[in-house]
Amino acid sequence: DLTYVIVLPMGSIPCVSSAFATRDVSARDVSAFNRAMNPVYSSVQEILLGLQSLQKGWNAHDSNNMPVDLFKRWTAKLGKVSEQMTSISGSDLYEKANLRRQWLNSDTVDDDEKSQLDK
């Protein structure tokens, strides 16, 4: 079986470059944060692609009844979320990881919810 990979220099990935190239990574654990956020980011990208596809299909078949404002609003909002997620780097990455850790250790999250979040 063939396996294909994409190899990227670590310095070309902004959050890796700024967060890990210049800091002592062993002192700060961001893996739980990354495990939680990667699926969220993937979902946001998937929804954006789905919206584009839906908009193209709707435009091709019934452009007069297409809710253009609705598509623009959701595309803009999800685009902003995507942009904010990709801009988390360096000290922001550690701060977000610490906020997540504090939230998980607070009384507002029950044990069942915590176990689901860290899977």
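## Overview of the chain

A helix here is a DSSP run of type H or I that is at least four residues long, and helices are numbered from the N terminus. In this predicted model, the chain holds five helices and zero strands, and the order of its elements from the N terminus on is α-α-α-α-α.

Of the 119 residues in the chain, 18% are buried, and the accessible surface of the chain comes to about 9,100 Å², with 55% of that area belonging to carbon and sulfur atoms. When the contacts in the chain with a separation of 6 or more are considered, 65% of them join residues that are 24 or more positions apart.

## Helices H2 and H3

Two packed helices are described by the angle between their axes and by the distance between the axes. For helix H2, which spans residues 31–62, and helix H3, which spans residues 68–86, the angle is about 155° and the axes are 10 Å apart. Angles over 145 degrees count as roughly antiparallel, and H2 and H3 are therefore roughly antiparallel to each other. The crossing of these two helices, H2 and H3, is left-handed.

On the H2 side, the contact is made by Met-37, Val-40, Tyr-41, Val-44, Gln-45, Ile-47, Leu-48, Leu-51, Leu-54, Gln-55 and Trp-58, while H3 contributes Phe-71, Trp-74, Thr-75, Leu-78, Gly-79, Val-81, Ser-82, Met-85 and Thr-86. Sorted by character, the residues of the contact between H2 and H3 comprise 14 nonpolar and six polar ones, with no charged residue among them.

## Two residues of H3

Is Ser-82, a residue of helix H3, buried or exposed? Its relative accessible area is 10%, and since buried means under 20%, Ser-82 counts as buried. Leaving aside residues up to four places away in sequence, Ser-82 touches Tyr-41, Val-44, Gln-45 and Leu-48, and these four are listed among the H2 residues that make the contact with H3.

Val-81 also has its place in helix H3, but with a relative accessible area of 33% Val-81 is partly exposed. Along the chain, Val-81 and Gln-45 are 36 residues apart, and their C-alpha atoms are separated by 9.8 Å. Both Val-81 and Gln-45 take part in the contact of H3 with H2.

## Helices H2 and H4

H2 also packs with H4, in this case at an angle of about 90° and with the axes 9 Å apart. Angles from 65 to 115 degrees count as roughly perpendicular, and H2 and H4 are therefore roughly perpendicular to each other. In this contact, Ala-32, Phe-33, Asn-34 and Ala-36 of H2 meet Leu-93, Lys-96, Ala-97 and Arg-100 of H4. The residues of the contact of H2 with H4 divide into five nonpolar, one polar and two charged, whereas the contact of H2 with H3 has no charged residues.

Leu-99 lies in helix H4, which covers residues 90–105, and with a relative accessible area of 44% Leu-99 is partly exposed. How many residues separate Leu-99 and Phe-33 in sequence? The two are 66 residues apart along the chain, and in space the distance from C-alpha to C-alpha is 9.4 Å. Phe-33 is one of the H2 residues that meet H4.

Key
Residues are numbered from 1 along each chain as its sequence is written. This is a predicted model: local features need pLDDT of at least 70, side-chain atom pairs count only at pLDDT 80 or more; totals for chains, interfaces and linings use all residues. Side-chain values use heavy atoms; hydrogens and water are left out. Buried means under 20% relative accessible area, exposed over 50%, partly exposed in between (1.4 Å probe, protein chains only). Contact means heavy atoms within 4.5 Å. Accessible areas come from the Shrake-Rupley method with a 1.4 Å probe; for residues, only the protein chains shown count as cover. Axes are lines fitted to C-alpha atoms, for helices over the stretch in contact, and angles run from 0 to 180 degrees between N-to-C directions. Angles under 35 degrees count as roughly parallel, over 145 as roughly antiparallel, 65 to 115 as roughly perpendicular and the rest as oblique. A crossing is left-handed if the near helix is turned anticlockwise from the far one by less than a right angle, and right-handed if clockwise. Ala, Val, Leu, Ile, Met, Phe, Trp, Tyr, Cys and Pro count as nonpolar, Asp, Glu, Lys and Arg as charged, and the others, Gly among them, as polar.
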